[in-house]
Amino acid sequence: MTEAARQKELFNIIDAGMIEYSKAYGLQRELVWKRKLGLIRDTIILAEHKPVFTIGRRGSKSNLLVREGWLKDRGLELVRTDRGGDITFHGPGQLVLYPVIDLAGFEKDLHLYIRNLEGVIIGFLLSYGVSSMRISGATGVWIESDTKIGSIGIGVTRWVTYHGLSVNVNTPLEYYDMINSCGLESCKMTSLSSVLENYVNILEAKERLIQSFFEIFKRYGTTISSMDKKEAHLL
Amino acid sequence: MANVTLPELGEGIKSAVVSFWHVDKENRVGEGDDIVEMATDKATFNVPSPVAGTIREIMFQEGDTVQVGDTLAVIEE
């Protein structure tokens, strides 16, 4: 496919707003199934979650630094999930992007896809004048060598992606005291608002994140299609 | 008989770990059904069945490391 032809194919965007992790997961699985059957175009879901800790396939509870009962008493969920990676936190003020895209239309390369998701976060932060970097062997986006701002964990089935990236915008960072982020004891987490020492408008941040995604994936977005409106309504 | 092999997953990815099997020996599967989930450092990858048939052999257990190109399972069409 030529680059020009590819750019004419537009993504669907679903802004799921504040949504429970399990609901967002269910939506992804449904979209993955539809994408595999060719019923929908490549779709990206943008979301925020209520506070939840999730453990990926490479993770264990040993990186949870508080008891599960302690979390439960505070209404905090702990979910085992089928993405790659270790333990992480999602919560209000953190933007999560779940691309459901067919990598056959890009390149069938898991690492390249992960590097591209890092690029989305790096470009997003740069739009605020904030420099960030990749670290070889430590997937994610880092402000300094021990300070991380964005995380990545993906799942793929028949080369259609689910799960994705998260970036801390206004995230309350105290939640990260409860875990060894990404399974690394030395990993500190920060947020864009901490770096800027200013609250960040989340609606504007969503637009910038989508824009950065498009720049990296060299495609252009569109408004929500009628099919997605129906899906979004069912959430 | 059809061999299900671990496909190329990307540059620099030589192996992956078996997360779990979606199927057991002697189960019937359809073409394209996910039969095993593999995990790399930050990704999970479901390997589909190349044919419809019956699972006759499962070559690796959960937790095993598998090299790209290795046979994961054998399916009788």
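Begin by selecting Thr157(A) in this predicted model: Thr157(A) stands opposite Asn46(B), a residue of strand 5 of chain B. Next, extend the selection to strand 9 of chain A (147-157) and to strand 5 of chain B (residues 43-48). The two strands run parallel and are joined by 4 bridges.

Now display the whole contact between the chains, to which chain A contributes 19 residues and chain B 18 residues. On the side of chain A, two elements give two or more residues each: helix 4 and strand 9. Of these, strand 9 of chain A gives the most, with 6 residues. Colouring the side of chain A that touches chain B by class shows 6 nonpolar, 7 polar and 6 charged residues.

From the interface, move along to helix 4 of chain A (residues 110-126), and add helix 6 of chain A (residues 202-217). These helices pack at an angle of about 130°, and their axes are 8 Å apart. Because of that angle, helix 4 of chain A counts as oblique to helix 6 of chain A. The crossing of the two helices is right-handed.

Finally, show the side chains where these helices meet. In helix 4 of chain A, select Asn116(A), Gly119(A), Val120(A), Gly123(A) and Phe124(A). Their counterparts in helix 6 of chain A are Arg208(A), Leu209(A), Ser212(A), Phe213(A), Glu215(A), Ile216(A) and Phe217(A). By class, the residues of this helix contact divide into 6 nonpolar, 4 polar and 2 charged.

Note on methods: Residues are numbered from 1 along each chain as its sequence is written. Chains are lettered from A and ligands numbered from 1 in the order in which they are written. This is a predicted model: local features need pLDDT of at least 70, side-chain atom pairs count only at pLDDT 80 or more; totals for chains, interfaces and linings use all residues. Axes are lines fitted to C-alpha atoms, for helices over the stretch in contact, and angles run from 0 to 180 degrees between N-to-C directions. Angles under 35 degrees count as roughly parallel, over 145 as roughly antiparallel, 65 to 115 as roughly perpendicular and the rest as oblique. A crossing is left-handed if the near helix is turned anticlockwise from the far one by less than a right angle, and right-handed if clockwise. Two residues are in contact if their C-beta atoms, placed from the backbone, lie within 7 Å. Ala, Val, Leu, Ile, Met, Phe, Trp, Tyr, Cys and Pro count as nonpolar, Asp, Glu, Lys and Arg as charged, and the others, Gly among them, as polar. Two strands pair if DSSP finds at least two bridges between them.
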